[in-house]
Amino acid sequence: MTSLPSILGGLDPTSDRAVFRQIADQLREAIDRGRFKEGEKLPSEAELVEHYGVSRMTVRNSFSILQGEGLVHAEHGKGVFVRPRPPVRRLASDRFARRHREQGKSAFIVEADAAGSHPTVDSLEVKEEKASQDISTRLGSVRRVLARRRRYLLDGRPVEFAASYLPLDIARGTQIAEPNPGPGGIYARLEELGHRLDHFEEEIRARMPSPSEVKTLQLATGVPVIHLIRTAFDAAGRAVEVCDTVMAADAYVLSYQLPAT
């Protein structure tokens, strides 16, 4: 490792900013500038204590700030490491292109391939259930739906959890109701059933995760989630699916193309 004085500066005794925050500021800047790269171990507590002439508790408080921001994670007995940057670029203008379905690929597989990652799905649950008020409204006042819940992983790491809701008159008794809906996923099956997809509407917000979401996605302290609700419409204007997805915010970059007119 390059010597700390060449990477990190010294403390400003005239500043009214707390010492532990000054240290966190310098470590953050070094991470942002790539002086500490993804997956790289940060200087140890002992090294930072010696460099800055502060107590271990002061250094720990600095690390806590960076952990709360989702920039680093601690591994017991090993140290503090820079968290990887988002590996998946989610292209809104391309992820549901018909050519992917015709090739037998779901949107998640397309994105995983582009990221060079191995995709898997677990925690699969498929069942008929009463629609919530929100889902019912989005699907045109249906009372019951087929729900498909699953967790997506990249290289063994959970990155999102999704629940799809489809009207029973469309999905009941079809391959959509099977654990494996087949090549191209449920959208390919919908089109085979005569519901040619026309467009999608998405609502996106960022928030902090619930305790159950932290557990399901194995989120580090301070990492928010992206909550996305997508409604798929067929060529007749009918809402044929609502997908409620919670994604680890540190796993994705959302990319959009917007028209100029």
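Strand β6 and strand β9 (residues 239-248) pair in the antiparallel sense, with six bridges between them. Do keep in mind that this is a predicted model. On strand β5 (residues 144-154), β6 has another antiparallel partner, and here the pairing runs over ten bridges. Below is a short tour of these strands, followed by two helices, α4 and α6.

**Strand β6 and its partners**
- β6 spans residues 157-167 and is mostly covered, with nine of its eleven residues buried.
- Tyr165 is a handy residue to follow across the pairings: Ala147 stands opposite this tyrosine, and Tyr165 in turn stands opposite Val242 in β9.
- The hairpin of β5 and β6 has two residues between the strands, and Asp155 there takes a positive phi near 50 degrees.

**Ser62 in helix α4**
- Look for Ser62 in helix α4, which covers residues 56-68.
- Is Ser62 buried or exposed? Ser62 has a relative accessible area of 0%, so this serine counts as buried, the cut-off being under 20%.
- A polar atom of the Ser62 side chain lies 2.7 Å from the backbone oxygen of Phe20.
- Setting aside neighbours within four places in sequence, Ser62 is in contact with Phe20, Ile23 and Ala24.

**Helix α6 and what follows**
- Which residues of helix α6 (residues 107-115) are buried? Ala107, Phe108, Val110, Glu111 and Ala112 are.
- As a general reminder, an α-helix has 3.6 residues a turn, so residues three or four places apart point the same way.
- After α6 comes Gly116, which has a positive phi, near 70 degrees.

Terms used:
Residues are numbered from 1 along each chain as its sequence is written. This is a predicted model: local features need pLDDT of at least 70, side-chain atom pairs count only at pLDDT 80 or more; totals for chains, interfaces and linings use all residues. Side-chain values use heavy atoms; hydrogens and water are left out. Helices (H or I, at least four residues) and strands (E, at least two) are DSSP runs, numbered from the N terminus. Buried means under 20% relative accessible area, exposed over 50%, partly exposed in between (1.4 Å probe, protein chains only). A polar contact is a pair of N or O atoms within 3.5 Å; within protein, one must be able to donate a hydrogen and the other to accept it, and residues adjacent in sequence count only if both atoms are side-chain atoms. Contact means heavy atoms within 4.5 Å. Two strands pair if DSSP finds at least two bridges between them.
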